[in-house]
Amino acid sequence: MRGSVRALLASLLVTLAPLAVVGPAAAANDLTVAYNSQTDKDFRQGLQMRLAWTGDYAGLFDADIGPGTLRAIRDFQARHGLQANGVIDEPFLRLLVVESDRAQQALGFSFVEDELTGAEIGLPSALVRDLGPTEIGRLWRSPQDNVEVETVRFADGQRSLADMYDLVQTPQADRTVDYKKFAGTWFVVSGTEAGGRTYYIRVASRGPELRGFSVSYTPDMAAKMQPFVIVASNMFDGFAGEPATGAGSALVAGLTRGGDADRYALAYADRGSPTRAEPASAQGGAPAAASQNLDSSGTGFLVSKDGWVLTNAHVAKACHTILVGDHGAADNRIIDSANDLALLHVASGSDLGEPLKISTAAPRLGEDILALGFPLRTILADSLNVTRGNVSSLLGLMNDPRYLQISAPVQPGNSGGPLVDLAGRVVGVVTAKLNAVAVADVTGDIPQAINFAIRPDTVTQFLDANAIDYAKADASAAFESVPDATAKVQNGVLPILCLGG
């Protein structure tokens, strides 16, 4: 489509003569027939795009000059003192070019090929700056935080397009859904977040892979951003190319930003990522450096009554400030990079709820388990997410005895969340997932549901070494239903937000 649009832009600049066969008093049907039969597709698509830039058209750039496009033409004519008859003549075209160019230039609209996702997207480059990789794509944000654009890519095949749509199109307490459309190979959902911020999400599929983008902006930016969203959505090409070498080359994909020094280093991020920071030099210390002012998120869970929350080291160690749920910033942190564990302390410990009970023994092979967390907070609901699976192996990658392999689906943001059995006992800490696309590149086969969690004995050794007064689970506790097991622990599971600086 991109080449067609460029050609069409040229045609709009030079083809300024009116359509002689269409008179001012022509009926709407006559206009439709004339435009669709006597102009080329590039011209019609360009006309729709320019009417979108002026705020008069909000449909597909499908080159069909139907009632919606005719109404947009008349609206533009009426707003600019022209005769609102739907006739495309020279004064109309000249004014349309001027006004649509003005709108594009005000935003610095330009196309960018995102090497991290392989998508090509239009950006309001005059408003936003590139903040680099996220756990699922790339982020652009304005310095005033009033505009944000993010690309996303999901290549593990664990969620279908229909599954993603079902999640996103469901209204939440802090998010309305004002428009939604599922078209088989793509969907669009838009609405309003708490505080009045508008969001827009578009995701497309190709086989098991999903690629898309999201836009959000504050009410004061609506006049500029509403036309941009229509154009960016129509022009978005999620599968314009393939991710650059290295963007998906790690055998294990990150569940959030960060990295590790051991064999699971590739589980979290490209080690050359600008979002990495050195570990804290001492227990409770701040990271030596934070390399980007980026936000990321993970999950944690309460392990003591005096305010200690357990999560992954790769969630917490590169942050200047860490927010723990609704309880404010952590005032202390303890990092164990070798085992990818971290403890965060919040002063309001007595208000956090009941600590989760930690199993002192590993789960059995094949045992039912639940992964709890707050995945994909930029796309999915902000409420707790629960997925079910089994213990697939009692060892991790390369027979690592510190890890379990699990089949419960996990996504970016699940990092640091508890893995519990059906008795509500913590039997692991979610940490990583296998990159299905990277493995397929090597083996020719797409792996299914291969994820990892830190074993409970590794967890208890870390807690004991730091004198944490945690509760041990009753080994004889009976298994319950999934809802009952979830209800036992859900109040102690908390979102973790990392603020880079």
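I take a residue as buried when its relative accessible area is under 20%. The model I am reading is predicted.

**Entry 1, the whole protein.** I began with the overall counts. The protein has 11 helices and 22 strands. Of its 501 residues, 54% are buried. I then looked up the exposed surface, which comes to about 20100 Å², with carbon and sulfur atoms supplying 51% of it. For contacts with a separation of 6 or more, I noted that 62% are between residues 24 or more positions apart.

**Entry 2, threonine 431.** I went next to strand S20, residues 426-434, where threonine 431 lies. Is threonine 431 buried or exposed? Its relative accessibility is 0%, so threonine 431 counts as buried. I looked for a side-chain partner and found aspartate 340: the two side chains make a polar contact at 2.6 Å. I also checked asparagine 451, which is 20 residues from threonine 431 in sequence. In space the C-alpha atoms of these two residues are 8.1 Å apart.

**Entry 3, strand S19.** I turned to strand S19, residues 418-421, and asked which way its side chains point. Pro418 and Val420 point one way, while Leu419 and Asp421 point the other way. In a regular strand, side chains alternate between the two faces of the sheet. I noted that all four of these S19 residues are buried.

**Entry 4, the neighbour of S19.** Which strand is joined to S19 by 3 bridges? I found strand S16, residues 368-373, and the two run antiparallel. I looked up one bridge by residue: alanine 371 has leucine 419 in S19 as its partner. Leucine 419 is on the side of S19 that Asp421 also points to.

Definitions and conventions:
Residues are numbered from 1 along each chain as its sequence is written. This is a predicted model: local features need pLDDT of at least 70, side-chain atom pairs count only at pLDDT 80 or more; totals for chains, interfaces and linings use all residues. Side-chain values use heavy atoms; hydrogens and water are left out. Buried means under 20% relative accessible area, exposed over 50%, partly exposed in between (1.4 Å probe, protein chains only). A polar contact is a pair of N or O atoms within 3.5 Å; within protein, one must be able to donate a hydrogen and the other to accept it, and residues adjacent in sequence count only if both atoms are side-chain atoms. Two strands pair if DSSP finds at least two bridges between them. Contact means heavy atoms within 4.5 Å. Accessible areas come from the Shrake-Rupley method with a 1.4 Å probe; for residues, only the protein chains shown count as cover.
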